[in-house]
Amino acid sequence: MRQPLLILFSIFFCFSLFSQEEKKHFSLEADYFYGNIHEHSPDISHLITGHPSGIFLGFNKNTFGSKEWERQYGSPDWGFSFIYQDMKEPALGENYGLYGHYNFYLLKRNLMLSVGTGLSYNTNPYDSESNFEGNAYGTSILSTTFLRLNYVKNNIWKGLGFHAGFMFVHYSNGNVKAPNTSTNTVALNAGLNYQLDYKNLPEYNKERDGLDYSERIKYNFVFRYGWNESDVIGLGQHPFYVVSAFADKRLNYKSTIQLGADVFFTEFLKDLIKYRSIAYPEDGLTGDEDYRRIGVFAGHELRLNKGAFVSQLGYYLYWPYEFEKRIYLRVGIKRYFYKDKIFAAITLKSHYAQAEGIEFGLGVRI
């Protein structure tokens, strides 16, 4: 299964930022959450029968502004977390997830935004004989993302604090194998946190270095690959390849803007085009339509030391076979190496809420 690369990259992305920290401080979290599955598609309406609930456990490395990236982001936490979720529907089973995450603080550290990504194990994926109703998850191993927005009070009494708020959890296999309708849980959460070594915490350093981090326009070339499958069950998994070129301009420490183009070689479209030309002759397909696509995109990178969060919005200029929508999205994470001239990335390409594939990319920036 290819999805384990996602969590390994996420863990490496976190560790690479803090490997030289001199003094370490840690905290723990434990939450209970309860909510609803959002009906983002009518295809999962039959699976929304109860109120999912579960537990969240977090381990955080605290920062206090010893590095410039920490001061730029208000001394966030980073760490690893575990989620157990009972989907309250036999056809969906239960999910056990492991994540790498960040906690960002606002409003004098009373508001916490947590973002995590990783992998989850599902106990009851789709099976044509034993679980034909469970069309949300086509595989046991799923990519997963969570967001939490919590009011938080830390270290109220001997290191113990509390937090409460809202939580969002997404499960999908990135269209690696059909079916992949996915689920989104919206929940309320509440819990306790505990600050280890609470008697010896340093003061937060907020003084920035004042340097100009803007750069001239740079040029990037990326090769991406992965595996996916059409929504027609049984057509099989196929590799895909994407060749991208774009220019970027770093504006300041945090923000870089991009403009570029993609060429997509999506092998499963060959079989899908042939299948639809035979099964649906009213569509007017010959079966010889070109499976390749060319798109242009604009994007943004939110830099975080040697890492970055990527978001791009694209439009197909060349779209001979009308698969999904003409507008596409790409989001993910990347890590820079060797004076920011080499980078690796894991991104999810989608058409609105419909995932097309998880892309593993390697690129150069000159």
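Here are three short exercises on the aromatic rings of this predicted model.

**Exercise 1.** Classify the ring pair formed by phenylalanine 264 and tyrosine 316, and find which parts of the chain the pair ties together.

*Solution.* Start with the geometry: the ring centres lie 5.8 Å apart and the planes meet at 75°. Planes over 60 degrees apart count as edge-to-face, so that is the label to use. Next, place the residues: phenylalanine 264 belongs to strand 11 (residues 255-266), while tyrosine 316 belongs to strand 13 (residues 307-318). The pair therefore ties together parts 52 residues apart in sequence. Finally, check the surroundings: phenylalanine 264 is buried at 1% relative accessible area, and tyrosine 316 is buried at 0%.

**Exercise 2.** Now do the same for phenylalanine 268 and phenylalanine 323.

*Solution.* With centres 5.5 Å apart and planes at 75°, this pair is edge-to-face. Phenylalanine 268 sits in helix 3 (residues 268-279), and phenylalanine 323 in the loop between strand 13 and strand 14 (327-337), so the pair links parts 55 residues apart in sequence. Buried means under 20% relative accessible area. Phenylalanine 268, at 2%, is buried, and phenylalanine 323, at 11%, also counts as buried.

**Exercise 3.** Which charged residues lie over the rings of tyrosine 73 and phenylalanine 264?

*Solution.* Take tyrosine 73 to begin with: lysine 254 lies over its face, 4.8 Å from the ring centre. Tyr73 is also part of a cluster in which ring pairs link it with Tyr102, Phe104 and Phe309. Then return to phenylalanine 264: the charged end of arginine 293 sits over its ring, 5.4 Å from the centre.

Definitions and conventions. Residues numbered from 1 in each chain as written. Predicted model: local features only at pLDDT ≥ 70, side-chain atom pairs only at ≥ 80, totals over all residues. Heavy atoms only, no water. Phe/Tyr/Trp six-rings, centres within 6.5 Å; stacked < 30°, edge-to-face > 60°. Helix = DSSP H or I, 4+ residues; strand = E, 2+ residues; numbered from the N terminus. Buried < 20%, exposed > 50% of the residue type's maximum accessible area, 1.4 Å probe, protein only. Lys NZ or Arg CZ within 6 Å of the ring centre and 35° of its normal.
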